[in-house]
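Let's take a friendly walk through some rings, charges and one histidine. Have the model open as you read.

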Amino acid sequence: MFIQDEDTIVALATASGVGAISVIRISGEKSIELVDEVFSGKIKLVDAHTHTIHYGKIIDSKNELIDDVLVSVFKAPHSYTGENSIEISSHGSSLIVKKIIERLIEVGARLAEPGEFTKRAFLNGRIDLAQAEAVADIINSRTEASLRGARNQLDGLLSQKVNFLRNSLINSSSLIELELDFAEEDLEFVSLNKVMNQLQEIEFEIDKLISTYNFGRIIKDGINVALVGKPNVGKSSLLNYLLKEKRAIVSEIPGTTRDIIREEVNIDGILFTLYDTAGIRETEDVIEKEGVNRSVETIKNSDVVIFLNDVQSGFSNKLFEKLKTYTNEDRIIKVVNKIDLDPNTKINCEVKISAKTGEGIDTLFKVLKEKAIGSETYSEKSAIVSNIRHLDALKRAKQFLENAKESIKEKLSGEFIAVDLRNAESALGEIIGRVTSDDILNNIFMKFCIGK
Amino acid sequence: MRKFDVIVVGGGHAGIEAAVSAALMGCSVAMVTMDKHAIGRMSCNPAIGGSAKGHLVHEIDALGGMMGLIADRTGIQFRTLNKSKGPAVWAGRCQSDRKLYSVEAERVVSNTKNLEIVEDSVVEAFEENKKIVGVKTAKGEEIKCKALVVCSGTFLNGLMYTGFNATKGGRFGEPPAIGLTESLVKMGFVSGRLKTGTPPRLLKSSINWDILEEQPGDENPEPFSMRTPKDEFPYLPQLSCHITYTSPEVHKILEKGFDRSPMFTGLISGVGPRYCPSIEDKVVRFADKERHQLFLEPEGLDSDLIYLNGFSSSLPVEIQYEALRKIKGLEDVEMVRPAYAIEYDFFPPYQVDLTLETKLIEGLYFAGQINGTSGYEEAAGQGIVAGINAALKIQKRKEFVLSRNESYIGVLIDDLVGKSTDEPYRMFTSRAEHRLLLRQDNADRRLLKYGYEFGLIPEEMYRDLQMREILITKSFDYFNQKRISPLAINPLLELKGINKIDNGEIIGKIVKRPELSLKEVLENSGLNDDELVIKLLQNPKALEQVEIELKYEGYIQRQYELVEKMEKLEKIQIPLNFNYFNLKTISAEGREKLSKVKPRTIGQASRISGVTPSDISILLVYLKS
């Protein structure tokens, strides 16, 4: 367990979920340089004065736009934490927030612990002891809350699974340590091939957990759906139907020339966020072009795209081809609307609906869910990763296992393999709150006859 | 009334190091021991070192301690364990001549200036205002002191068992120490009971040696101490050990005696070590194992005794006898002394600080088995730390605490204080998170500076190390940029049957190949005229260090990164009088453990079992107020 006060920490500062704007806060000595790495604006933020606001873009590793943002710069000691800090105001989408935070982690930030900004504020003398005591209470209550959370089924299953994997890893480690500390004993030492196989199995299971993250995220944050179709195929009617019948909440994403309508609807416990796009036709009109760009971005960021047609104008091949250039084909659901006008339509679409009568809408959401979550089905009995911190720990554990396997391949002696196995254990231990290193010795004493 | 700066209770492995180091640092020291000929007597196996224990001996040696020297002078078999593995787990081990070891230890102690041997036993300790002021002995003498180091081994209320037969004593044929425990408990200390055992001693001439598997020592034995002159080593003729095994038949006989085992019937309440189980324990817990390995270790050059390593027991004598005679090679064996178990008082070590001074009474130090450890090396490691600290305190100098990332001794004491295990604590390399850095070969590079600072290591030796450090650093940097040509090195590679190089390659890179040593590479580098290369080839100690650092560069680097991460937490101090009951928000268990251990730093606090990460966060918040 490390507390790295010199680290740059990042977290969403506003409530997660619905909101027009999200504010992401970054703090730490190197926070400004770090944001400069992902921010493209008129000037470098390191050159900016404290308490100034700058418009610019957050760019991903492939130099593609994540979001247009406003960035506030606070220089030490004149910030909430007393350190160099940045606040990024992005559009209020949990997907965008996630991408920006992931991008910042990519360039060296780490996710803040609960209450960590306040803790730093206190440590740097920005708030007094009474306030800090209040924070200590918060830290503690959050821990208790997360303990309670651990008892709920999702997290409980994950803990069980991770605990199981960690125990398997401790078994493998024990085999290696046994040979180092008890070479004199009359014991049969393990072949490294066997350890290799064990590590491979553990890594396979870790991979499986990592792959549930998408599902876990969706359970937590919902499915992002872009609605694409030619004018008048019934996009608005579909949204209106949901608004009326399914009590959807509508909001607009501001700050763009052509606002995108966003609608959130909860069906069977899963949150769907539908984005009505402005169209993706080629255009010379400057204002319209901005709208097109915005739509394309929405499509790229969506988990699923509804491609809406209607029985009257038929399937729009040209638009479909265009759409395929922005997103993977298997993410697109072909839907035909207005089947109340022609119940026997021959148009070849996966889902047939009527936004007027509501026919087929439930099927549409079922298909949406399948598409987003993928062919892999997770029952309530599966361990699911939904927390980015857990994902991070699993990824690190995987990397350490890779290192250990590499050491085995290079025929290095056990103590070198053990270094990475120990790190992998501690990464898994972070998820379940176990950090002791005595477990290996205990395991050896339990399983092997030691002692002359 | 006699007066000493330091009184050391006990002349065992902890007592020797404590008394000698404090005396060499200029304190007047009294070593109180019942029998001066028992100084350095090995209670259990006649051996020093082994996995992780060899590391401890090298560390004690680098600090200026005596154990390595005495072991080198009295060893009758030397081996380096784990030689097929990497240098971090190489560990020296020797069989000692039990008698000579004790004679040599007594000679070392007797010849130490400022050190007086008092043949007596301490029955009471005195304090004034929570400061130690003196002791009373069994003969009725009162002696004043400024510091008291208790190294009582298994003697405090020692009780030896063979079957239901219990004898009071601290070691075979020696009386126990009575009174001191009670005196310490009266001061407010908490005591507990631990148990350990020792195997039977057999008559050498009654063993059928011809049919046993022989285990000789190394052909080119390595001494423990860097102060041992290589040309005189080994001092004594070298002997072999032998190996035999138990059988299902033997196990059946042992089982017959289980109803008279003081362990199984609950007579002994103390907890024994899991890594050193009695033979009856092994038979019960590993019922599916058909045989257990036993070592026949010589007790000395002219000794008639053989130590049967692996057969410790507290079963009745007749059962031991019957079982022994069914073992291969022991068909006609004569048992000179049966195995016995011993139960003794210890003081759960959360009561001492990292200096080994007790938290309750100033000037009072505990070292060795009294802190719940097992093993001569673990005891000696604590002894030297306690002795040095007692002297430093009297001289009003800064205390001496070794960290986990620089020594096994640091790991040992940190574990003891923070974890307070309920079984005798033995060192293992896996206990050290920085194992790759804590090697025998670099013990001097890690610790010699302290030995020198305290006046326990001669200046010349320290200067020599400093020169070597410069050579190591220079060579390391040089070889990490100097290229070697295919022309020069390819013949060697071809000879070894490994891939040749097409272009010039960096020396630091080519030496990472497991088949190559740095020496070979340099000799075939075409750099025969290079001054640095010549210098390094003439300095095998430096050469070894450069080779290890180059070969395992990536791993060593990663360990250093881990050290740096941990250092941040180690640097945040917690005041000793910190009141954890003010922290309403930390967990109940965390609060209890923290109040008990009173950790000095956040790092230490974070390693205490039962203290959660969130407890640490809260503590951090409070501390910076």
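A residue is called buried when its relative accessible area is under 20%, and exposed when that area is over 50%. Please keep in mind that this is a predicted model.

**A histidine in a loop**

Start with H434(B), which you will find in the loop between α10 (408-419) and α11 (443-453) of chain B. Its relative accessible area is 1%, so H434(B) is buried. Which residues is H434(B) in contact with, leaving aside its neighbours within four places in sequence? They are R404(B), N405(B), Q559(B), L562(B), V563(B) and M566(B).

**Aromatic rings**

Over all chains, the count comes to 18 aromatic pairs. One of them joins F182(A) and F428(B), a tilted pair with 5.0 Å from centre to centre and 45° between the planes. This pair crosses between chains: F182(A) sits in the loop between α5 (153-181) and α6 (192-211) of chain A, while F428(B) belongs to the loop between α10 and α11 of chain B. Are these two rings buried or exposed? F182(A) is buried, with a relative accessible area of 1%, and F428(B) is buried too, at 0% relative accessibility.

In chain A, F307(A), F315(A) and F320(A) form one aromatic cluster.

**Charges over rings**

In chain B, you can also look for charged side chains that lie over the face of a tyrosine ring.

| Charged residue | Ring | Distance from the ring centre |
|---|---|---|
| R291(B) | Y245(B) | 3.5 Å |
| K596(B) | Y350(B) | 4.6 Å |

Terms used
Residues numbered from 1 in each chain as written. Chains lettered and ligands numbered in written order. Predicted model: local features only at pLDDT ≥ 70, side-chain atom pairs only at ≥ 80, totals over all residues. Heavy atoms only, no water. Helix = DSSP H or I, 4+ residues; strand = E, 2+ residues; numbered from the N terminus. Buried < 20%, exposed > 50% of the residue type's maximum accessible area, 1.4 Å probe, protein only. Contact = heavy atoms within 4.5 Å. Phe/Tyr/Trp six-rings, centres within 6.5 Å; stacked < 30°, edge-to-face > 60°. Lys NZ or Arg CZ within 6 Å of the ring centre and 35° of its normal.
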